[in-house]
Amino acid sequence: MSKRIGMEIALAAAEAVALCKPDVVAAYPITPNTHVPEHLSDIVAEGRLDAEFICVESEHSALSACCGASGAGARSFTATSSQGLAYMSEIIPIASSMRLPVVMIVGNRALSGPINIWNDQSDIMYQRDSGWISMFAANGQETIDMAIQAFKIAEHRDVMLPVNVNLDGFQLTHVVEPMEMPDQKEVDSFLPPFKPIATLHPDKIVSMGTLGLPEIFNETAKSKDEILKDSRRVILEVWKEWEEKFGRKYEPIEACEARGSDVLLMTLGSMGETAEVAVEEARKDGISVGLLKLKLWRPFPFEELRKAVKGCKVLAVLDRAVSYGGPGGPVFSEVRSAFYDMQERPVVINEIIGLGGRDVPVSDFRKIIEKSVQAIKTKPEEEYEIFGVRGS
Amino acid sequence: MSIVENFDLYAPRLIDKEEYFSAGHRACQGCGEALAIRLMCKALGKDTVVVNATGCMEVISTMYPTTAWNLPWIHVAFPNAAAVAAGVEAGLKVMRRKGRIPDRDVKTVAIGGDGGTFDIGFQALSGTMERGHDVLYVCFDNEAYMNTGIQRSGATPFGASTTTAPAGVASSGKGQWKKNITEIMVAHNVPYVATACHSYPIDFMNKVKKARSIKGPSFIHCLSVCPTGWRVPSAHAIKMGRLAVETGIFPLYEVEEGKYRMTYRPERIRPVEDYIKGQGRFRHLSPDELTAIQKRITLEYNKLLDKVDNLHSWGELQD
C-alpha cells in the first residue's frame, strides 16, 4: 500500500530510487541536487538498499562509472545539476549511443556564468541533442513517479536508453510536499529486474563501444533517432500501466482547461504549478485561457502538441532557458517547428522567465496572460522576450 | 644475467597459447603496445574484463564490425578508463553478491596510453586508486599522443621532438622532464605498483599475474615502444625497450606493500647515448643536452636504488 508522506522532494526522490533497487549508485556532490545522493547513501548505510555507492571524484566519473556498471549488467543511477551535468557532457551522448539504460535525476540549475546555484533549465537544454529520454516533473509526486517509471522505460527491451528526470532546483528539490510513496511490493510488481541484452562477462564475450567509421556512422545516427522516437510508444504504455496501478495519469502534455480556450500557456517543470493558479484566477475574471504542461521533452511529443492547440488563438510558450543568438527559448523553437505544416496555427509568443532562480510569482503569469490576450488582435513585434529584465 | 635467457626454450611452456588479443588488428608494424597487450592478456587469462581508454589500441582493435578482443571489452571515452573500470568492478561485485552472475573472481583491468593516464585520465585514475577498487590499471606508455600524431604528453621525455613540442632553431623539443607516474601511484598507497616493458616479456607477465592476484588496486607502468612516433625502424622496437632498461632510463622494479625491488638489474648501466642516438625524436640534441639528460637519469636511477636499499615493507614497519 502506498503511504502518504510529507518529505523534502529530493529525499523522496532518493526513497523512490531506492525502491527500484539500483545495484550501483555513483554521484558527486553539487547544489541543489546533493540531497538525492546524500539520502541514497544514508539508505545504503542503514542497510535498506544493497548497492555499491561509489563516491566518485567528479561528475564525469559518475556517469562513466554508471556506464561501466550498466555495461556489466547492473542497474545504475546517478544524479547531478548544472555544472556537474556540463562536466558529464562528454559521456552523456555516449551512454545513449551505447544503449546503457542509466537513470539520472537532474536538479535543474542555471549554468554558469555568472555562477549561480539557483534554478533554471539551461543545464539540461545544453544536453538536448544527446539521445536521452528526458522528462520533467512539475511537483514532488511526479518526481517520485517518474523516478520509478524511468527505470522501467530505460530498461525496456525496445528502448534500452538512458533517461533523465528533471526537477527544478530548490523550487522542487528543497521543498517539502505531501506525496504518495508506493511501497516495495507495489514497485516490485511494476518494475521487473533488469535483464540486459549483453553484459561484460567472460561467459559471453562482447566488445562494447567500438569505433564507427564513416561507412556506418549515418546508419548509427538514424538508428539512434528512430529508437528514441519509437520509445514514445513504450513511454505511453508504461504511463498507462502506472495509471492502472497507481491511479495517477501521465501524458506527454497535460492539458488544464485547454479545450476551447483562446489563449494557452505552455510550461515545463515546476512553473506549471504557479501558472495553474494564475490560469484559474484569470478564468474567474472571464478570460478564456488554459494551460499545457509539457512533461516529455525527448522524444518531443509533436503529435500531442498539434492536437492540444486545436482552436487556440495564441500560445504563450514559457521557457526557462535561452538559446543565445537563436530563436529565443528551446521549447519555443520546438513548438514553432511543430506548427510549420499546420494550415491553421496559433500565434506563438515566447516568454523566457525565471532564469537563475529569479522568482516568478502568480502576478507575472497574469501579465503574460494579459499580453497573450492582446496578441489575439495584434501580433506582438518581438518574437521572444526575456521577461522582467530591469531597465528594459 | 638476463631474465629472458633461454626464452625460446621456456616461452612455449610459460605462456598461455590462447590468443585473447587476436591477430588482424591494424596496429603499425613493430608496435610495442600491441605486443604488450597481447602478453598482458595471456597473463590475465579468460576471467578478465578489459576497459580501454580511447587511443591507438581502441582504434586499431575494434573497427566496427570487427574486434580483436577475445575478452569482454568496453570503451567509453578518453579520460575515464579508470572510472568506467570502477563501475564495472562495482557492478560485478554487487551482482556476484546478489547471485546474479557466477560466483567466481573476474578481474577488471583498465588500460590506457600515457595521454589517457598521465594527463587527461589522471583525475579518474587517482580517484579509482584512492577508493580502493579491485582494478588493475596498466598504462602503455609510448611517450606521446601517438594516435593523434605524436603530440607531447606529460610522459614525453626531456628533449624529445614532438609535433606540438618540435625541435627547431629556438627549441630543443620538450623542455620538461617526464612525470613520474609510478611514484605518484606509490604515493596512493596501493598494494602493488610496478614498471615493465614488452622487451622483457616474462618479467611483464609475472607482474601482471601478481597484480591480478592482489585484491585491491594495482598499477603497472609499461613502457611501449612506438617506432612511428620515436622515429626508429620497426624492427628496433624490442631493442629500444631493452636499451631503455639497460641505460637506466626505464628501470624495471616493483613496489609491493611499500617494499621496492628491482626485478632486473643490469650488470653495467650503459650510457644514455646508446638509447638516444638510434631515435629520430632525439636527433637534434646537442652534446650538452645529452650530458644534462645523462646527469638526470643517473640521479633518478640512484634515487630509486636508494629506495630499494633503504625502504621497508608496510609489514616490517608495523609496530
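By class, the lining of the second largest pocket splits into 17 nonpolar, 5 polar and 9 charged residues. I should say right away that we are looking at a predicted model. This pocket holds about 640 Å³ of space. There are 31 lining residues, and the closest to the pocket's centre are Lys178(B), Asn180(B), Ile249(B), Ile297(B) and Glu300(B). Which element gives the largest share of that lining? It is α12(B), with 8 residues. If you want to find the pocket on screen, look at chain B for α7 (181–186), β8 (218–223), α11 (272–276) and α12 (287–310), as each of them supplies at least two lining residues.

Now over to chain A, please. The largest pocket has a volume of about 1,100 Å³. Its lining has 34 residues, and those closest to the centre are Ser97(A), Met98(A), Met208(A), Gly209(A) and Thr210(A). Two or more lining residues come from each of α3 (59–72), α5 (92–97), β9 (207–208) and α9 (214–246) of chain A. The largest share, 6 residues, belongs to α9(A). As for residue classes, this lining has 19 nonpolar, 12 polar and 3 charged residues.

Those two pockets are open, so what about closed spaces? The count comes to 2 cavities of 30 Å³ or more. The largest cavity has a volume of about 50 Å³. You can pick it out from its lining: Ile124(A), Gln127(A), Arg128(A), Ser130(A), Trp132(A), Ser134(A), Asn164(A), Trp297(A) and Arg298(A). That makes 3 nonpolar, 4 polar and 2 charged residues.

The second largest cavity comes in at about 30 Å³. Among the residues that line this one are Glu143(B), Met146(B), Thr156(B), Trp230(B) and Arg281(B). The classes here are 5 nonpolar, 4 polar and 2 charged.

Next, the domains of chain A. The assignment gives domain 1 (3–246) and domain 2 (253–386). Taken over C-alpha atoms, their centres are 28 Å apart. How many residues of each domain are in contact with the other? For domain 1 of chain A the count is 30, and for domain 2 of chain A it is 23.

That brings me to the packing, my last topic. The largest nonpolar core has 115 residues, and Leu265(A), Leu315(A) and Val335(A) touch the most other members. The largest share of this core comes from chain B, where helix α4 (residues 81–97) gives 10 residues. Why does the core lie between domain 1 and domain 2 of chain A? Both domains give residues to the core, so it lies between them.

Let's zoom in on Leu315(A) for a moment. Setting aside neighbours within four places in sequence, Leu315(A) is in contact with Leu264(A), Leu265(A), Met266(A), Leu292(A), Val309(A), Val335(A), Phe339(A), Pro346(A), Val347(A), Val348(A) and Ile349(A). Two of the names in that list, Leu265(A) and Val335(A), are the ones that share top place with Leu315(A) for touching other core members.

Apart from this core lies another one, of 53 residues, including Ile9(A), Val187(A), Ile235(A) and Trp239(A). As a general background note, nonpolar side chains tend to be buried together in soluble globular proteins.

That's my tour, thanks for listening. Shall we turn to the structure together?

Definitions and conventions
Residues numbered from 1 in each chain as written. Chains lettered and ligands numbered in written order. Predicted model: local features only at pLDDT ≥ 70, side-chain atom pairs only at ≥ 80, totals over all residues. Heavy atoms only, no water. Core = buried A, V, L, I, M, F, W, Y, C linked by side-chain atoms within 4.5 Å. Buried < 20%, exposed > 50% of the residue type's maximum accessible area, 1.4 Å probe, protein only. Helix = DSSP H or I, 4+ residues; strand = E, 2+ residues; numbered from the N terminus. Domains from an automatic or database assignment. Contact = heavy atoms within 4.5 Å. 1 Å grid on protein atoms, 1.4 Å probe; cavity = no way out; pocket = protein on both sides within 12 Å on 5 of 7 lines; lining within 4 Å. Points joined across faces, edges and corners; volume = space filled by probe spheres on them. Nonpolar A, V, L, I, M, F, W, Y, C, P; charged D, E, K, R; others polar.
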